[in-house]
Amino acid sequence: MLRYILWRILVMIPTLLLISLLVFTIIELPPGDYFESYVEELRAIGEKADLQEIEELKARYGYDKPAPLRYIHWVGGMLVGDFGYSFEYRMPVNEVVGDRLWLTVLVSFVTIALTWIIAFPIGVYSATRQYSWGDYGLTLLGLIGIAVPNFIFALILMYFANIWFGTTIGHLMDQRYLNQPMSWDKFWSILEHLWIPVIIIGTAGTASMVRRLRANLLDELQKQYVMTARAKGLHPMKVLVKYPLRMSLNFFISDIGSILPSIISGAEITAVVLSLETTGPMLIKALQSQDMYLAGSFLMFLAFLTVIGVLVSDIALALFDPRIRLKGGATK
């Protein structure tokens, strides 16, 4: 196990380097850069750009140098914790992410916890009572949850939240707390608004997880070892929990590789519709404006969380399921 972990960590280094090269290349592919887009945007609204300031920024951050040198400067800066400067927000990338990162983590963690708490008992119930009225009803609700787009559900829920509960439409807090330091009043305002994005984002995820858990558990319940356990007279609950339920949870563990980056990126489209102060809309805006350091550093952070999550899920699967081995070759 230790040898496997060390080998995977060593493999991460060239993997992340290759990803950084791809990210940099893709961001550089569109013609021009942030400064040219900024000048054209000012001209479109009839304003003049400070060309001297722009040239100084280009020289300071290496935009007057060839692309390979800028790539080396960018990667070298990330290794020492310098993620560059966001031209869109006119501040270092670390400060731009700031509170948005913690708000994104809060929304995502609560959504994931709620999804698992709801999906787990429903999936077990549907699998153990296959083709019952409860199974049909929960399946119908799950299909509706998957079929309804999040942004439409967001618009509907925003309307009723404002009509029934008086919750202000949009944002993750009252507007008077925007750009203000954290306080108890701001925290309670966040909690007041938090349930809306949690329900919207968690609906589709819960429905999908219920379907997957039901299918996996049904497959395990039909295997020979379950029939043997039942024939020996074991208690039905013990038969369910001992192995079938445990084996059907493999996909929960394998999802760790995608859960970690999703915690940071958040549901981008839903966040845009709700005007949430999370990192999703920030990433989309950075990509649109070619804010290279902000977009590139954020994508690299997601890539790092992905490779870490995949490693953690592989190790957890090997520990959780004795049928899985971390090495090739035949076993006797």
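Biologist: Is Ser-86 buried or exposed, and what is its relative accessible area?

Modeller: This is a predicted model, and in it Ser-86 is found in strand β1, which covers residues 85-86. A residue counts as buried under 20% relative accessible area. Ser-86 falls under that cut-off and is therefore buried, with a relative accessible area of 0%.

Biologist: Which residues does Ser-86 touch, not counting residues up to four places away in sequence?

Modeller: Contact here means heavy atoms within 4.5 Å. With residues up to four places away in sequence left out, Ser-86 touches Met-91, Pro-92, Val-93, Val-96, Asp-291 and Leu-294.
Its side chain also has a polar atom 3.3 Å from the backbone nitrogen of Tyr-89. The residues asked for are thus Met-91, Pro-92, Val-93, Val-96, Asp-291 and Leu-294.

Biologist: How many salt bridges does the structure hold?

Modeller: A pair is counted when a side-chain nitrogen of Lys or Arg lies within 4 Å of a carboxyl oxygen of Asp or Glu. Among the pairs is that of Glu-220 and Lys-223, with N to O at 3.1 Å. The number of salt bridges in the structure is five.

Biologist: What is the separation in sequence between the parts that the salt bridge of Arg-8 and Asp-314 ties together?

Modeller: The side chains of Arg-8 and Asp-314 meet in a salt bridge, at 2.7 Å from N to O. Arg-8 lies in helix α1 (residues 2-28) and Asp-314 in helix α16 (residues 292-320), so the parts tied together by this pair are apart in sequence by 306 residues.

Biologist: Which of these two partners, Arg-8 or Asp-314, counts as buried?

Modeller: The cut-off for buried is under 20% relative accessible area. Asp-314 has 23% relative accessibility and counts as partly exposed. Arg-8 has 14%, so the partner that counts as buried is Arg-8.

Biologist: Which residues are joined into one network by salt bridges that share partners?

Modeller: Asp-219 forms a salt bridge with Lys-223, their closest N and O atoms being 4.0 Å apart, and Glu-220 meets Lys-223 in another at 3.1 Å. Lys-223 is partly exposed, with a relative accessible area of 29%; Asp-219 is also partly exposed, at 43%, whereas Glu-220 is buried at 5%. Through shared partners, the salt bridges join into one network Asp-219, Glu-220 and Lys-223.

Key:
Residues numbered from 1 in each chain as written. Predicted model: local features only at pLDDT ≥ 70, side-chain atom pairs only at ≥ 80, totals over all residues. Heavy atoms only, no water. Helix = DSSP H or I, 4+ residues; strand = E, 2+ residues; numbered from the N terminus. Buried < 20%, exposed > 50% of the residue type's maximum accessible area, 1.4 Å probe, protein only. Polar contact = N/O pair within 3.5 Å; in protein donor to acceptor, adjacent residues only side chain to side chain.
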